[in-house]
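Work through the exercises below with the sequence and the structure open. Each task is followed by a solution in steps.

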Amino acid sequence: MPLLEVKNLTVRIETLKGSLSAVDNISFSLTEGEVLGIVGESGCGKSMASYALLDLLPPFSSLEAQQLSFLNRDLLHASHREKRNLRGKDITMIFQDPMTSLNPSFTIGFQLRESIMRAEHNKKKGWRKRAIELLKHVGISEAHERLDSYPHELSGGMCQRIMIAMAIATRPQLLIADEPTTALDVTIQAQILKLLQSLQKEFGMAMILISHNIGLLAHMANRVMVMYAGQIMEMGKTEDIILRPEHPYTQALLAALPENYSNTKHRTELPSIPGLVPDLAHRPTGCQFHPRCKEKFDRCEKELPELKEHNKRKIACHLYDPPSTKLT
Ligand code: SF4
C-alpha cells in the first residue's frame, strides 16, 4: 500500500513580480520503508514540495492537487487539527540548519520534552528517562547533562543529532530530511548520514531525503527524483538514474560532482552547469532546461516535454519522445 500519494501537485506563490509556480504539476508516491531522494539545484522546488505535504507553506502561497494522501488519509480536505496531529507525529522533518531550527531560549530537555509528550499522549511522567534514551540512541554522550544545555553550548553536529532525536521520538512513519548535512562540517556530514541510514533501517520508516548533491543519494535512496524549475525531469531506481542517467540535466548534475572531477586525468577547471535556474516568474518557453542544455534542438524551445515512461524510468525530454506523426 502506498504510504504517500501525490498527484498533480502545484504550489503557487504570489510575489511582487506576479504569481509563480514553485512546484509545477508533480506526481510521485512512496511506499512504507522506502527512501526517496529528491535532487536539484537551489530553487528547484525540492523543499517547497515537502512543505506542501506538511502544510508548512510560506505566506502568500497556496497549493492545488488532484490527490494528496498519507496512509489513505486525504490531506487535501483534512482539517487544520488533523494535519497538525499528523505533522510532528506520523510525519516529522529535520531541516538544513540545526542551529536555527532549535529554539535558542530553551534547554535541549525542554524542547525534547515537547516531542516526547506528543508521542505519549501528553503524559509528562517519565519524559526525562525517555529523553536520555533518545539522546543516547542518536549518539550523544553524557546525555544526562546535555538535557540542561542550551543550543548555543553545542556544536552543529550535536544540534543536528538532537533534531534527529526529536524527529524519531514519535516513531514516525515518514521522516523528511531537508538537506540535513549541508550546514555541517564535512567530517560530521558522513556521521549524520550514517546515523539517519541506521535509524531508517531500525525503525523501518520511509524517508524523503532532499539534497542538491546527487552523489549523496546514491548510498541512501531506493529511488531518485530529479527536479528542475519545480518540475520532475527524471525519476526512477537509484541505480538506473545514477549509473545510467539519461536526462541531460541529471547527466550535468553528475558531471558537476567534485569527486568526478578529481578522478579525471586532465584537470583544467571544475565542471559546472552553465547559466542559472530560470526566474520562475518569467519561465522560458518549452523545456525549462533548454537555455542550459547542450543537447537542445528546435523542438525544445517550443514544446514542454511530458514526463513519460522510458527505459525503466520516467523522463521529461524530447530526446526520448519522438513527435507523433500525423496521417495526411
Ligand atoms: Fe535538453 Fe531538449 Fe531534453 Fe530539454 S527537451 S533536456 S532542452 S534535449
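**Exercise 1: the ligand shell**

The residues of the shell around the ligand divide into 6 nonpolar, 3 polar and 2 charged. The model used in these exercises is a predicted one.

Task: List the residues that surround the ligand, and state which cavity the ligand takes up.

Solution.
- Step 1. The surrounding residues are His 247, Pro 248, Cys 287, His 290, Cys 293, Glu 295, Lys 296, Cys 300, Cys 317, His 318 and Leu 319.
- Step 2. Sort them by class: Cys, Pro and Leu count as nonpolar, Glu and Lys as charged, and His falls among the polar residues.
- Step 3. The sorting gives the division into 6 nonpolar, 3 polar and 2 charged.
- Step 4. The ligand fills the space of the largest cavity.

**Exercise 2: aromatic rings**

Task: Classify the ring pair of Tyr 51 and Phe 95, and locate its two members.

Solution.
- Step 1. Two quantities describe a pair of aromatic rings: the distance of the centres and the angle of the planes.
- Step 2. Rings pair if their centres lie within 6.5 Å, and the count comes to 5 aromatic pairs.
- Step 3. For Tyr 51 and Phe 95 the centres are 6.5 Å apart and the planes stand at 40°, so this pair is tilted.
- Step 4. Tyr 51 belongs to helix α1 (residues 46-54), while Phe 95 is in the loop between β7 (91-94) and α3 (98-101); the pair therefore ties together parts that are 44 residues apart in sequence.
- Step 5. Phe 95 has a relative accessible area of 26% and is partly exposed.

Task: Which residues do ring pairs link into a cluster, and which ring does Arg 113 lie over?

Solution.
- Step 1. The cluster consists of Tyr 228, Tyr 249 and Phe 289, linked by ring pairs.
- Step 2. Arg 113 lies over the face of Trp 127, at 5.8 Å from the ring centre.

**Exercise 3: positive phi**

Task: Place Leu 71 and Asn 311, two residues with positive phi, in their loops.

Solution.
- Step 1. Leu 71 is not a glycine, yet its phi is near 50°. Leu 71 sits in the loop between β5 (67-70) and β6 (73-74).
- Step 2. Asn 311, also not a glycine, has a phi of about 45°. The loop between β12 (308-310) and β13 (313-315) holds Asn 311.
- Step 3. With a relative accessible area of 42%, Asn 311 is partly exposed.

**Exercise 4: sequence and space**

Task: Is Leu 193 buried or exposed, and how far in space is Leu 193 from Phe 28?

Solution.
- Step 1. Leu 193 is part of helix α8 (residues 186-203).
- Step 2. Buried means under 20% relative accessible area; Leu 193, at 15%, counts as buried.
- Step 3. Leu 193 and Phe 28 are 165 residues apart in sequence, and their C-alpha atoms are 24 Å apart.

Task: Describe Ser 19 and its separation from Gln 173.

Solution.
- Step 1. Ser 19 is in strand β2 (residues 18-31) and is partly exposed at 41% relative accessible area.
- Step 2. Along the chain Ser 19 and Gln 173 are 154 residues apart, and 34 Å separates their C-alpha atoms.

Definitions and conventions
Residues are numbered from 1 along each chain as its sequence is written. This is a predicted model: local features need pLDDT of at least 70, side-chain atom pairs count only at pLDDT 80 or more; totals for chains, interfaces and linings use all residues. Side-chain values use heavy atoms; hydrogens and water are left out. A residue is near a molecule or strand if one of its heavy atoms lies within 4 Å of it. On a 1 Å grid over the protein atoms alone, a cavity is a set of points where a 1.4 Å probe fits but cannot get out, and a pocket is an open set with protein on both sides within 12 Å along at least five of seven lines; lining residues have an atom within 4 Å of a point. A molecule sits in a cavity or pocket if more than half of its atoms lie within 2 Å of its grid points. Rings of Phe, Tyr and Trp (its six-membered ring) pair if their centres lie within 6.5 Å; planes under 30 degrees apart count as stacked, over 60 as edge-to-face and the rest as tilted. Helices (H or I, at least four residues) and strands (E, at least two) are DSSP runs, numbered from the N terminus. Buried means under 20% relative accessible area, exposed over 50%, partly exposed in between (1.4 Å probe, protein chains only). A charge sits over a ring if NZ of Lys or CZ of Arg is within 6 Å of the ring centre and within 35 degrees of the ring normal.
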